[in-house]
Every structure is written in C-alpha cells, then in structure tokens.
Amino acid sequence: MKKRINMVELGRVRRARSSGAAWFVVHCLLFAFIATLTKHLQLSIPIFEIIFFQALFGTLLMAPFFIRACTHESFEKRKLFFHALRAFCWVIATAIFFHFMQEMSMPKAIALSFTCPLFTTIAAVIFFGETLRAPRIIALVCGFIGMLIIVQPGMDSYKPATIWILGACLLWSVTDVLIKMMGRTENHVSSTWFFMCLSMLCTIPLMLPDMVEISALNVLWLIVLGALFAGNMFTIMLSYSKADLTIMMPFAFTQLIFISLLAYAFYDEVIQMNTIIGSIMIVISTSYMAYRERKIHKELLAYQIGKELI
C-alpha cells in the first residue's frame with residue numbers, strides 16, 4: 001500500500017515538473033514575441049511610452065486575477081518600498097535593453113540576457129553573504145567566458161551598445177535580489193499586479209518629455225503587447241509554482257531559438273555561431289548553479305530536521 005502511495009506521489013511530482021517546464025517554454029515564447037513587437041514599435045514610439053502602455057494594458061488585464069486573489073492579509077504584508085524599487089529598476093533596465101537592442105541583432109541581445117543569473121549570484125554573495133564554493137566559482141567563470149565569446153571584445157563585431165545591454169542585465173539581477181529580499185510570504189498574483197501597476201507609475205515622468213501621438217494601428221499593437229506582457233508574467237508565475245528552477249533553467253535556451261526564428265522572419269537577422277556557443281556555456285553554467293543551490297538547500301534542510309529530532 002505504501003509503495004502504491006509513493007508511486008502515485010512520484011507521478012504527481014513528475015506531472016508537476018513537466019507542467020512547470022511547459023509553462024516556462026511558453027514564457028520564453030511570449031518574451032520572444034514581446035521583444036520582436038517592441039523592436040517594431042520603437043520605429044515610431046519612444047521606449048518609455050511603449051513600456052507605459054505595456055504595463056497599463058497588462059495591469060488592466062491582470063486586474064480580475066488580482067481582485068480574486070487579493071485578501072486583507074496581503075495588503076498588510078505589502079512592502080511598497082521594495083516593490084517600487086523593483087519596478088523602477090525593471091523599467092530602467094528594460095528601457096536600456098530594448099533601446100540598445102536596436103543597435104545589434106536580437107539573438108545576440110537575448111543571448112547576453114542569459115547573464116542575469118550570473119550577476120544575481122554575485123549580488124547574493126555581496127548582499128546576503130552567501131558562500132561561493134569551488135563548483136559555483138567554476139560555473140561562474142565558465143558563464144562569463146561564454147559571455148566574452150558572445151561579446152568578442154577587440155573584434156570588429158564588438159559594439160559599445162553591448163556594455164549597455166550588460167548594464168541592463170545587471171539591473172535586472174537587482175530586481176531578482178529584491179524579490180529574494182521580499183521573501184515568499186506574499187501572494188504571487190497580487191505581488192505581480194502591484195509590480196506592473198508601479199512600473200506603469202514609474203514610467204509616467206520618464207515618458208512625458210518625448211511623448212508622441214500614437215496611431216490607431218499602434219494602439220492595437222500596444223494592447224497586444226500588454227496582453228503578451230500579462231501572459232508572460234502569468235506563465236512565469238505558474239512555472240515557478242509547479243517546478244524548481246533546476247528543472248526550468250535548461251529550457252531557457254528555447255528563448256534563443258524562438259528569438260532567432262522571429263528575428264530571421266521579420267528582420268532578416270541571422271544568429272552567429274559564437275552567439276550559439278556562448279549561450280550554451282552560459283545556460284549550462286547557470287543550470288549547474290541552480291542545481292547546486294537546490295542540492296545545498298536540501299542538505300541544509302535535512303540537517304536542520306535531524307538536529308531537531310536529536
């Protein structure tokens with residue numbers, strides 16, 4: 001009987017992991033569409049105005065889910081300062097990333113965004129005092145070597161915009177650190193809705209100086225972008241709730257596949273071999289670091305439980 005229960009539980013875990021991985025792939029696909037559409041809209045609309053309407057329509061579309069999930073307790077636990085700081089960092093990072101993506105191919109820009117977990121690891125060491133052991137150091141070094149393979153400093157293909165893209169990735173890693181600082185006590189739906197709402201508010205003073213009139217067609221595209229943004233946030237929430245990061249990290253490479261197909265179809269951009277090689281190195285290193293972190297967490301949990309039983 002016990003063996004049968006264990007088999008049922010194992011099947012449930014496997015289905016949850018498969019579901020989490022599937023939702024993560026959908027998230028990668030949606031982000032690829034967001035990047036492709038944002039690049040098109042930047043031809044006639046300033047980036048801060050695009051981010052504002054993306055957040056506005058995303059907030060409106062997510063409102064029913066927020067109202068359903070919101071409780072009195074979630075309001076009491078709201079850490080507005082950290083939410084606002086996270087939103088501001090995300091807005092600036094996103095604006096920098098998409099602005100300078102115009103100066104390089106989409107696959108290369110997306111490949112560089114894979115460095116975010118590397119920067120997050122370093123930030124966790126600085127702000128949380130996490131220990132860097134030899135395996136994680138080796139993984140970090142391999143990841144940054146992969147980044148250098150993509151960037152190719154000193155070569156003719158190198159562009160100064162690369163530094164700005166990496167700066168945006170560094171800011172994105174700050175948002176990851178802020179999420180970790182806020183902890184897991186808050187409802188994910190309401191937390192995401194507040195993030196989108198505050199992102200919209202942060203963008204208002206930044207977009208006003210260069211605000212332009214938007215055509216009816218572009219309004220429709222912005223509504224689509226807002227829907228993609230809301231879907232992107234929703235799918236990443238679902239994937240994280242169903243599977244560990246170690247399960248999903250290897251699937252991050254699908255984002256580069258989707259981006260490469262869309263970039264070739266709409267902008268005639270072809271991915272370079274050094275971008276593929278560098279991306280593989282970064283994804284492998286970040287996947288290994290996620291695996292190590294999960295393993296250490298499990299060992300620490302087992303030690304704490306054993307200590308309590310003694």
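Begin by selecting Asp 268, which is exposed, with a relative accessible area of 59%. This residue sits in the loop between H12 and H13, and its phi angle is near 55 degrees, a positive value in a residue other than glycine. Keep in mind throughout the tour that what you have open is a predicted model.

Now zoom out and show the whole protein chain as a cartoon. The chain has 13 helices and zero strands, so if you trace the ribbon from one end to the other you will follow the pattern α-α-α-α-α-α-α-α-α-α-α-α-α, where helices are counted as DSSP runs numbered from the N terminus. If you switch to a surface view, the accessible surface of the protein chain comes to about 16,500 Å², and carbon and sulfur atoms account for 70% of that area. Of the 310 residues in the protein chain, 46% are buried. When contacts with a separation of 6 or more are considered, 90% of those in the protein chain are between residues 24 or more positions apart, and several of the stops below show pairs that lie far from each other in sequence.

**Stop one: the nonpolar core**

Select Phe 97, Leu 112, Ile 165 and Leu 222, which touch the most other members of the largest nonpolar core, a set of 74 residues. Then keep Ile 165 highlighted and add its partners: setting aside residues up to four places away in sequence, Ile 165 touches Phe 97, Phe 100, Met 101, Met 104, Ala 109 and Leu 112. As a general background to this view, nonpolar side chains tend to be buried together in soluble globular proteins.

Two of those partners, Ala 109 and Leu 112, also appear among the buried residues of H5, so select that helix next, remembering that buried means under 20% relative accessible area. Helix H5 runs over residues 106-113 and is mostly covered, with eight of its eight residues buried. The list of buried residues includes Met 106, Pro 107, Lys 108 and Ser 113.

**Stop two: Gly 58 in helix H2**

Move to helix H2, residues 47-69, and pick out Gly 58 within that helix. Is Gly 58 buried or exposed? Gly 58 is buried, because its relative accessible area is 0% and the cut-off for being buried is under 20%. Around Gly 58, beyond the residues up to four places away in sequence, you can select Met 196, Gly 226, Phe 229 and Ala 230, each of which Gly 58 touches. If you draw a distance between C-alpha atoms from Gly 58 to Asn 232, the two are 9.8 Å apart in space although 174 residues apart in sequence.

**Stop three: helices H7 and H13**

Select helix H13, residues 273-309, and find Met 289 in that helix. Met 289 counts as buried, at 4% relative accessibility. Leaving aside neighbours within four places in sequence, Met 289 is in contact with Leu 118, Thr 121, Arg 136, Ala 139 and Leu 140. From C-alpha to C-alpha, Met 289 and Ile 138 are 9.7 Å apart, with their positions 151 residues apart in sequence.

Also in helix H13 is Val 283, which counts as buried at 8% relative accessibility. Its C-alpha atom is separated by 8.6 Å from that of Thr 115, a residue 168 positions away along the chain.

Next, add helix H7, residues 134-151, and select Pro 135 within that helix. Pro 135 is partly exposed, with a relative accessible area of 25%. The C-alpha atoms of Pro 135 and Ser 285 are separated by 9.9 Å, and the two residues are 150 apart along the chain.

**Last stop: the second largest pocket**

Finish by selecting Phe 33, Thr 36, Leu 37, His 40, Trp 221, Val 224, Leu 228, Leu 262, Phe 266 and Tyr 267, the residues that line the second largest pocket. The volume of this pocket is about 210 Å³. Which helices each supply at least two residues of the lining? They are helix H1 (2-41), helix H10 (216-242) and helix H12 (253-267), and the largest share, four residues, comes from H1. If you colour the lining of the second largest pocket by class, you should find eight nonpolar, two polar and no charged residues.

Definitions and conventions
Residues numbered from 1 in each chain as written. Predicted model: local features only at pLDDT ≥ 70, side-chain atom pairs only at ≥ 80, totals over all residues. Heavy atoms only, no water. 1 Å grid on protein atoms, 1.4 Å probe; cavity = no way out; pocket = protein on both sides within 12 Å on 5 of 7 lines; lining within 4 Å. Points joined across faces, edges and corners; volume = space filled by probe spheres on them. Nonpolar A, V, L, I, M, F, W, Y, C, P; charged D, E, K, R; others polar. Buried < 20%, exposed > 50% of the residue type's maximum accessible area, 1.4 Å probe, protein only. Contact = heavy atoms within 4.5 Å. Areas by Shrake-Rupley, 256 points an atom, 1.4 Å probe, with all protein chains shown as cover. Core = buried A, V, L, I, M, F, W, Y, C linked by side-chain atoms within 4.5 Å.
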